[in-house]
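Student: I've got a model open and I'd like to walk through it with you. Can we take it piece by piece?

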Amino acid sequence: MIGKIGCSPYCVGDLPVRTLAKKVGMRPSGRPPSGMRIVRNSKTLVWCGLALLIVVGLATWAVAKPPDTMLFKQVYAPKEGSDLAKANCVVCHAKMPPTKTELNPYGSDIGKAAAGKAVDEKILRSIERLDSDKDGFTNLDEIKAGTLPGDPKSKPVK
Ligand SMILES: [Ca+2]
């Protein structure tokens with residue numbers, strides 16, 4: 001079984017596959033040593049990939065989870081069960097899932113007031129007297145009533 005490359009499927013160069021496998025640390029079967037097998041095991045790779053995706057996903061979610069929503073709830077404590085309390089992101093964003101650029105009129109007014117800075121209570125308070133969605137009720141009146149200050153279809157009952 002000793003011969004040149006291509007002489008038979010069982011030999012490589014001048015060495016039979018078994019001898020060659022031993023020299024490079026592989027088992028005679030041609031499998032890598034058990035340590036290497038863990039990395040080469042495709043199921044393991046899939047699970048490692050999934051775990052990585054979950055970790056990255058959670059990290060992204062944590063970063064993307066808008067602190068502005070928390071701030072809004074801290075500042076105004078919207079009425080439990082009201083449209084405003086249930087709206088979360090849609091208090092400021094035009095639709096779900098929220099994007100940075102698609103804001104409703106109330107979100108746009110917050111953006112203008114913040115002018116690139118992080119939103120804080122002072123910025124929220126500064127637009128309370130505006131009627132962002134032009135439905136005839138100020139933002140503060142809507143927030144107190146539990147309606148959406150950025151959606152003209154949602155307004156306090158007169
Ligand atoms: Ca309004």
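Student: Let's start with H6: which residues of H6 are buried?
Tutor: Keep in mind that this is a predicted model. A residue counts as buried if 20 or more other C-beta atoms lie within 10 Å of its own. By that cut-off, the buried residues of H6 are Pro105, Tyr106, Gly107, Asp109 and Ile110.

Student: And what covers those buried residues of H6?
Tutor: H6 runs over residues 105-114, and its buried residues, Tyr106 and Ile110 among them, have other helices over them. The cover includes H7 and H8.

Student: Just after H6, which residue takes a positive phi?
Tutor: Look in the loop between H6 and H7. The residue there is not a glycine, yet its phi is positive, near 45 degrees. It's Ala115.

Student: Is Ala115 buried or exposed?
Tutor: Count the neighbours: Ala115 has 7 other C-beta atoms within 10 Å. A residue with 12 or fewer is classed that way, so Ala115 is exposed.

Student: On to H4. Which residues of H4 are buried, and why are they on the same side?
Tutor: The buried ones cover an arc of only 50 degrees around the axis, which puts them on the same side of H4. The general rule helps here: an α-helix has 3.6 residues a turn, so residues three or four places apart point the same way. The names you want are Asp68, Phe72 and Tyr76.

Student: What do the buried residues of H4 pack against?
Tutor: Phe72 is one of the buried residues of H4, and the partners of this buried set are helices. One of them spans residues 121-126. The two partners are H7 and H8.

Student: Which residues are exposed on the other side of H4?
Tutor: Asp68, Phe72 and Tyr76 are the buried ones, so turn to the other side of H4 for residues that are exposed. There you'll find Pro67, Met70 and Gln74.

Student: What is the phi of Ala77, and where is Ala77 found?
Tutor: Ala77 comes just after H4, in the loop between H4 and H5. Ala77 is exposed, with 10 other C-beta atoms within 10 Å. Although Ala77 is not a glycine, its phi is positive, about 40 degrees.

Student: Now the largest nonpolar core: how many residues has it, and which have the most contacts inside it?
Tutor: As a general point, in soluble globular proteins nonpolar side chains tend to be buried together. In this model the largest such core has 13 residues. Those with the most contacts inside it are Leu84, Ala87, Val91 and Ile110.

Student: Which elements give two or more residues to this core?
Tutor: Three stretches of helix do: residues 67-76, 83-87 and 105-114. By name, these elements are H4, H5 and H6.

Student: What does Leu84 touch, leaving out residues up to four places away in sequence?
Tutor: Leu84 is one of the core residues with the most contacts inside the core. Its partners include Val91 and Ile143. The full set is Pro78, Lys79, Val91, Ile143, Gly146, Thr147 and Leu148.

Student: Where is the cis peptide bond?
Tutor: Go to the loop between H5 and H6, where Pro97 sits. Omega there is about -10 degrees. The bond joins Met96 and Pro97.

Student: Thr101 and Gly111 are 10 residues apart along the chain; what separates their C-alpha atoms?
Tutor: Thr101 is in the loop between H5 and H6. Thr101 is exposed, with 8 other C-beta atoms within 10 Å. The C-alpha separation from Gly111 is 9.9 Å.

Student: Is Val157 buried or exposed?
Tutor: Val157 lies in the segment after H8, and its C-alpha atom is 9.5 Å from that of Thr147. Because Val157 has 5 other C-beta atoms within 10 Å, it is exposed.

Student: Which elements have the lowest and the highest mean pLDDT?
Tutor: The protein chain has a mean pLDDT of 80, and 68% of its residues reach 70 or more. Over residues 1-9 the pLDDT is below 50. Among the elements, the lowest mean, 47, belongs to strand E1, and the highest, 97, to H8.

Terms used:
Residues are numbered from 1 along each chain as its sequence is written. A nonpolar core is a set of buried Ala, Val, Leu, Ile, Met, Phe, Trp, Tyr and Cys residues joined through C-beta atoms within 7 Å. Helices (H or I, at least four residues) and strands (E, at least two) are DSSP runs, numbered from the N terminus. Two residues are in contact if their C-beta atoms, placed from the backbone, lie within 7 Å. The arc is that of the directions from the helix axis to the C-beta atoms. pLDDT is the predictor's confidence in each residue, from 0 to 100.
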